[in-house]
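Reader: I am new to this structure. Could you teach me how to read it, feature by feature?

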Amino acid sequence: MQPMTKEDVDFEVQAALAWHDDDVKATIATLLEDISHLRQQLALTEGAMSRGMTRGWSPAFERK
């Protein structure tokens, strides 16, 4: 996966704001809900997968 360029990030920000009719608080609330959901999914995945399947890699909840 290639890193996002500044233009990509700007586009994503504008798209998220447009989705919420430029309501910044609603946009942030949705993103925080998405983060919570993805952390739950990551926790479930971590519990279900074996170390052999990932050759020693394990998921991390925090960005490194």
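Author: We will take charges, backbone angles, the surface and a pocket in turn. Keep in mind that this is a predicted model.

Reader: Let me start with charges. How many salt bridges does a search of the whole structure find?

Author: The general idea comes first. Side chains of opposite charge can pair when their charged atoms come close. Here, the search of the whole structure finds one salt bridge. The side chains of Lys6 and Asp10 form it, at 3.1 Å from N to O.

Reader: Where do Lys6 and Asp10 lie?

Author: Both are in helix α1, which covers residues 6-19. Lys6 and Asp10 are four residues apart, about one turn of the helix.

Reader: Is Lys6 buried or exposed? And what of Asp10?

Author: The cut-off for exposed is over 50% relative accessible area. Lys6 has 60%, so it counts as exposed. Asp10 has 36%, so it is partly exposed.

Reader: Next, the backbone. What should I know about phi?

Author: Most residues other than glycine have a negative phi, and most peptide bonds are trans. Now look at Asp21. Its phi is near 55 degrees, a positive value in a residue other than glycine. Asp22 also has a positive phi, of about 60 degrees, and is not a glycine.

Reader: Where does Asp21 lie, and where does Asp22 lie?

Author: Asp21 is in the loop between α1 and α2. Asp22 lies in the loop between α1 and α2 as well. Asp21 is exposed, with a relative accessible area of 70%. Asp22 is exposed too, at 56%.

Reader: On to the surface. Which residues make the nonpolar surface patch?

Author: A patch like this joins nonpolar side chains within 5 Å, from residues with over 30% relative accessible area. In this model, Val24, Ile28, Leu32 and Ile35 make a patch of about 370 Å². Take Ile28 as a case. It is found in helix α2, residues 24-48. Its relative accessible area is 45%, so Ile28 is partly exposed.

Reader: Now the largest pocket. What is its volume, and which residues line it?

Author: The volume is about 370 Å³. The lining includes Leu31, Asp34, Ile35, Leu38 and Phe61. Arg39, Glu62 and Arg63 are also among the lining residues.

Reader: How many of the lining residues are nonpolar, polar or charged?

Author: Six are nonpolar, none is polar and four are charged.

Reader: What can I learn from Leu38, one of the lining residues?

Author: Leu38 is found in helix α2. At 55% relative accessibility, it counts as exposed. Compare sequence and space as well. Leu38 and Phe61 are 23 residues apart in sequence. Their C-alpha atoms are 9.6 Å apart in space.

Reader: And Asp34, another residue of the lining?

Author: Asp34 lies in helix α2. It is partly exposed, with a relative accessible area of 40%. Pair it with Pro3 for another reading of distance. The two are 31 residues apart along the chain, and their C-alpha atoms are separated by 20 Å.

Key:
Residues numbered from 1 in each chain as written. Predicted model: local features only at pLDDT ≥ 70, side-chain atom pairs only at ≥ 80, totals over all residues. Heavy atoms only, no water. Patch = residues over 30% accessible without salt bridge, like charges linked within 9 Å, V, L, I, M, F, W, Y side chains within 5 Å. Areas by Shrake-Rupley, 256 points an atom, 1.4 Å probe, with all protein chains shown as cover. Salt bridge = Lys/Arg side-chain N within 4 Å of Asp/Glu carboxyl O. Helix = DSSP H or I, 4+ residues; strand = E, 2+ residues; numbered from the N terminus. Buried < 20%, exposed > 50% of the residue type's maximum accessible area, 1.4 Å probe, protein only. 1 Å grid on protein atoms, 1.4 Å probe; cavity = no way out; pocket = protein on both sides within 12 Å on 5 of 7 lines; lining within 4 Å. Points joined across faces, edges and corners; volume = space filled by probe spheres on them. Nonpolar A, V, L, I, M, F, W, Y, C, P; charged D, E, K, R; others polar.
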